[in-house]
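Hi everyone, thanks for making time this morning. I'd like to walk you through one model, so let's put it on the screen and go through it together.

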Amino acid sequence: MTGREVCDRMADLLPEFLAGRLSETDDTEVRKHLETCVECRNRANAVSLLQQTPIPQPDPDRWGGFVKGVVDEHDRRHKKERRMMTILTVVAVVVLIAVIAYLVAF
Amino acid sequence: MDENLLIERAREGDREAFGQLVSRHRDAVYRFAVRWLADPDQALDVAQDVFVRAFDGLKGYRGDSRFRTWLFSITLNAARSVARKHKRRGEVRLNTGAEFPDIRTPPDAKAARADAYARAAAELSELPEKQRGAVTLRIYEGLSFKEIGEIIGCSEGSARVNYHHGIQKLRETLT
């Protein structure tokens, strides 16, 4: 493996390494590499900072009623679709009647 | 209850089963959306939209990928639409430390840490879409490059390259 390939492999393993989810062998390999490679150490610091960055919290009221909100929104969209379909059907029937009436009259 | 059974029932219109699926995955969907968009209100709208679309689209879910991976694909599409809409309107997102929770450390250190977090979130949100998707899904959700490729719409190798480029940019700006 070239030096670049080793660094790429380390970058692949960083998320699991920082979360403490690597096997003992891989963990030791990453630790040893980070001791000698400044570039990978800097990458590890950047990934670590991102992982520690807290998640911005959602509005507690909306979050509390989230499941109900999803189902209500689903129903609302379907009602809207059904209303549109009804309107389109009525318009189509009216146009059809008008065309038939025209053809009969002339 | 087994997830496949819940999916099967939800597909047949069982709202309770679908509600259970929403409860299981809403944290992950919101987390991905908020990391990608860096805006909690927009992320919440996206999360809601994702599950409404998923309820309707369940018939098209064949189970080739994990259910969560499928939800992340919908999340990414919805987040892209929202980002484009807000970009068209010319809205500017403010990444301030105020969005982050209180950290129990001395005032100076707390402020410095909040600044670092805000900067990290801002830099992540500035990455090109595919790199942002790859980095977010890899470092926060621990997804494989194969799964990431399915979500961001590229090969496994390309997902890996996007991750590496993203990490490299973040290394340059954050350290």
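In chain A, confidence is lowest in helix α4 (residues 60-64), where the mean pLDDT is 91, and highest in helix α2 (residues 24-36), at 95. For those who don't use it daily, pLDDT is the predictor's confidence in each residue, from 0 to 100. Averaged over chain A, the pLDDT is 92, and 100% of the residues score at least 70.

You'll have gathered that this is a predicted model: local features need a pLDDT of at least 70, side-chain atom pairs count only at pLDDT 80 or more, and totals for chains, interfaces and linings use all residues. As for labels, residues are numbered from 1 along each chain as its sequence is written, while chains are lettered from A and ligands numbered from 1 in the order in which they are written.

Chain B has a mean pLDDT of 88, with 89% of its residues at 70 or more. Please look at residues 94-103 of chain B, where the pLDDT is below 50; beyond near neighbours in sequence, this stretch has 20 contacts in the model. By contact I mean two residues whose C-beta atoms, placed from the backbone, lie within 7 Å. Where pLDDT is low, the predicted coordinates should not be read in detail. For the model as a whole, the scores are ipTM 0.81 and pTM 0.83.

Now, the build of chain A. There are five helices and zero strands, so named by DSSP runs: H or I of at least four residues for a helix, E of at least two for a strand, numbered from the N terminus. Why do we call chain A more spread out than a compact globule? Its radius of gyration is 31 Å, well over the 13 Å that the globule rule gives for 106 residues. That radius is taken over C-alpha atoms, and the rule is 2.2 Å times the number of residues to the power 0.38. Along its principal axes, the C-alpha trace of chain A spans about 95 × 40 × 20 Å.

Of the 106 residues of chain A, 15% count as buried. Buried here means that 20 or more other C-beta atoms lie within 10 Å of the residue's own; exposed means 12 or fewer, partly exposed is in between, and the C-beta atoms are placed from the backbone.

Follow α5 of chain A with me. This helix has 40 residues and reaches 58 Å from its first C-alpha to its last, close to the 58 Å expected at 1.5 Å a residue; the expected span is 1.5 Å times one less than the number of residues. The number of buried residues in α5(A) is one, so the helix lies largely in the open. A:Ala101 sits in this helix, and is it buried or exposed? A:Ala101 is exposed, with 10 other C-beta atoms within 10 Å. Its C-alpha is 62 Å from that of A:Gln57, 44 residues away along the chain.

Over to chain B, which has eight helices and zero strands. Of its 175 residues, 39% count as buried. Helix α2 (residues 15-37) of chain B has 23 residues and spans only 29 Å between its end C-alpha atoms, where a straight helix would span 33 Å. There is a kink of about 50° in α2(B), centred on B:His25; the bend is the angle between axes fitted to the seven residues ending there and the seven starting there. Just after α2(B), B:Ala38 takes a positive phi of about 55°.

Also in α2(B) is B:Phe32, which is buried, with 27 other C-beta atoms within 10 Å. Leaving out residues up to four places away in sequence, B:Phe32 touches B:Phe72, B:Thr75, B:Thr136 and B:Glu141. The C-alpha atoms of B:Phe32 and B:Thr136 are 7.1 Å apart, although 104 residues separate them along the chain.

Next comes α3 (residues 40-57) of chain B, with 18 residues and a reach of 25 Å, close to the expected 26 Å. Its buried residues include B:Leu44, B:Val50 and B:Phe51. The buried residues of α3(B) pack against α4 and α5 of chain A, together with α2 and α4 (67-88) of chain B.

Finally, how many residues does each chain give to the contact? Chain A gives 28 and chain B gives 31. On the side of chain A, the elements giving two or more residues are α1 (3-18), α3 (38-52) and α5 (66-105).
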